[in-house]
Amino acid sequence: MSLLLGGVLVVLGMVGAFVSGLLGVGGAIVMIPLLLYVPPLLGIGGFDVKEVAAITMVQVFIAAVSGVIAHGRRRAVNARLAATGGLAMAATSLAGAIASLWIHEMWLLMVFALMVTLACVLMFVPAPQPDVAAPAEDREYSRTLTATVAGGVGFAAGLVGAGGAFLLVPLLLVVVGVPIRVTIGSSLAITALAATAGFVGKLVTGQIPLLPTLAVVAAAAPGAQLGAVVSRRVPPLGLRVALCVFIATTAVRVWVDLLWR
C-alpha cells in the first residue's frame, strides 16, 4: 500500500466516522461508496467489494463505540432498546458476515443497493407521534418489534460489511416510533454490538486486509466524537434531512454503478 493511498484512507475514515457520530449511522452508508470509488478516481489503487466490506466493518465498530460513548454522556441512549436490538442484530450479523464468504460480489452490491433504497423510502414516511408521558431515553419500546427489525437488518448488514444503522435508523423512527435523538444514540449502541459480531465473522474467515484497515480506522474515534458534538447542536428536522440526503445520494450512486457493470 502506497503512502498516498494510506493518507487518503485516513481522511476517508475520518469522514465516515464524523457522519457516524452526527447521524447515528455506523458510517457504512458513506464508507462503502467512498472506498469503492475515491481511490480509483484518484488513480491510486482500489479495492473489490469484499475488501471494502471487511474494511468498513472494522471502521463501523470503532466509530460506533466512540459515538455511543459521546451520546451516552448526554442521556441519548435507551439501554433496554439497545440491548434488545443489539443482541438480535449481533447474532444475525455474524451469520451474514460468514455467509458473505460464499456469495459473489455482484450480489453483495445488490443487497447494499436494496438496503439504501429501502432506507431512502422510509425517510419520507412520517414517524408516529411519540408518547410524551416519560423521557424518551427511559421509555419502553416493543422488544419483539425491535428484535425483528434489528435482526433483519443485521443479516443484510453482515453480508455487505455494513453496521446497518443507515437502515436501522429510519426503521426505528418509523416502525418502532423512537424519537430522532434517542434513535441516533441507541442505534449506535445496537450497531456497536452488531459490528462486533460482524467483525469476528470477517476476521475468522480471513477477509480483512490489515494495512488498509488500520489506515481507515486511525481517525475513526476522534471523527465520531466530533460528529456527536455537532449532532447536539443541529435541530431534529435538520438531522433527519441530512440523513435523507446522505442515503438518497448513496442509493443513486450505487444503482448507477450496479446497472452499468
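# Exercises on a predicted helical model

Helix H4 (79-99) and helix H8 (180-204) each supply at least two residues of a nonpolar patch. The model is predicted. Work through each task, then check the solution.

## Exercise 1: the nonpolar patch

**Task.** Find which residues make the nonpolar surface patch, and which helix gives the largest share. Then classify Val-204 as buried or exposed.

**Solution.**

Step 1. List the members. They are Leu-94, Ile-98, Leu-101, Trp-102, Val-200, Leu-203 and Val-204. Together they make a patch of about 630 Å².

Step 2. Assign the shares. H8 gives the largest share, with 3 residues.

Step 3. Place Val-204. This residue is found in helix H8.

Step 4. Classify Val-204. Its relative accessibility is 62%. The cut-off for exposed is over 50%. Val-204 therefore counts as exposed.

## Exercise 2: H5 against H11

**Task.** Describe how helix H5 and helix H11 cross: at what angle, and within what distance? Then name residues from each side of the contact.

**Solution.**

Step 1. Know what to report. Two packed helices are described by the angle between their axes and the distance between the axes.

Step 2. Give both values. H5 covers residues 105-122, and H11 covers residues 236-259. Their axes come within 8 Å and cross at roughly 145 degrees.

Step 3. Add the handedness. H5 passes H11 in a left-handed crossing.

Step 4. Look at the contact. The H5 side includes Met-106, Leu-109, Met-110, Phe-112 and Ala-113. The H11 side includes Arg-240, Ile-247, Ala-248, Trp-255 and Leu-258.

## Exercise 3: H2 against H11, and Phe-246

**Task.** Describe the crossing of H2 and H11 by angle and distance. Then find what Phe-246 contacts beyond its sequence neighbours.

**Solution.**

Step 1. Give the geometry. Helix H2 spans residues 28-42. The axes of H2 and H11 come within 10 Å and cross at roughly 35 degrees. This crossing is left-handed.

Step 2. Name the partners. In H2 they are Ile-29, Val-30, Pro-33 and Tyr-37. In H11 they include Phe-246, Thr-250 and Arg-253.

Step 3. Zoom in on Phe-246, in helix H11. Leaving aside neighbours within four places in sequence, Phe-246 is in contact with Val-19, Leu-23, Ile-29 and Val-30.

Step 4. Compare sequence with space. Phe-246 and Ile-29 are 217 residues apart along the chain. Their C-alpha atoms are separated by 7.6 Å.

Step 5. Check exposure. Phe-246 has a relative accessible area of 30%. Partly exposed covers the range between under 20% and over 50%, so Phe-246 is partly exposed.

## Exercise 4: three more residues

**Task.** Sort three residues by exposure: Val-217, Arg-232 and Leu-259. Say where each one sits.

**Solution.**

Step 1. Take Val-217. It is found in helix H9 (residues 210-217). Its relative accessibility is 16%, under the 20% cut-off, so Val-217 counts as buried. Beyond neighbours within four places in sequence, Val-217 is in contact with Val-58, Gln-59 and Ile-62. Val-58 is 159 residues away in sequence, and 7.3 Å away from C-alpha to C-alpha.

Step 2. Take Arg-232. It is found in the loop between helix H10 (220-231) and H11. At 34% relative accessibility, Arg-232 counts as partly exposed. Not counting residues up to four places away in sequence, Arg-232 touches Arg-74, Ala-76 and Arg-181. Pro-170 is 62 residues from Arg-232 in sequence, and 19 Å away from C-alpha to C-alpha.

Step 3. Take Leu-259. It lies in helix H11. Its relative accessible area is 66%, so Leu-259 is exposed. The C-alpha atoms of Leu-259 and Met-110 are separated by 9.7 Å. Along the chain, the two are 149 residues apart.

Note on methods. Residues are numbered from 1 along each chain as its sequence is written. This is a predicted model: local features need pLDDT of at least 70, side-chain atom pairs count only at pLDDT 80 or more; totals for chains, interfaces and linings use all residues. Side-chain values use heavy atoms; hydrogens and water are left out. Patches are made of residues with over 30% relative accessible area and no salt bridge: like charges are joined within 9 Å, nonpolar side chains (Val, Leu, Ile, Met, Phe, Trp, Tyr) within 5 Å. Accessible areas come from the Shrake-Rupley method with a 1.4 Å probe; for residues, only the protein chains shown count as cover. A salt bridge is a side-chain nitrogen of Lys or Arg within 4 Å of a carboxyl oxygen of Asp or Glu. Helices (H or I, at least four residues) and strands (E, at least two) are DSSP runs, numbered from the N terminus. Buried means under 20% relative accessible area, exposed over 50%, partly exposed in between (1.4 Å probe, protein chains only). Axes are lines fitted to C-alpha atoms, for helices over the stretch in contact, and angles run from 0 to 180 degrees between N-to-C directions. A crossing is left-handed if the near helix is turned anticlockwise from the far one by less than a right angle, and right-handed if clockwise. Contact means heavy atoms within 4.5 Å.
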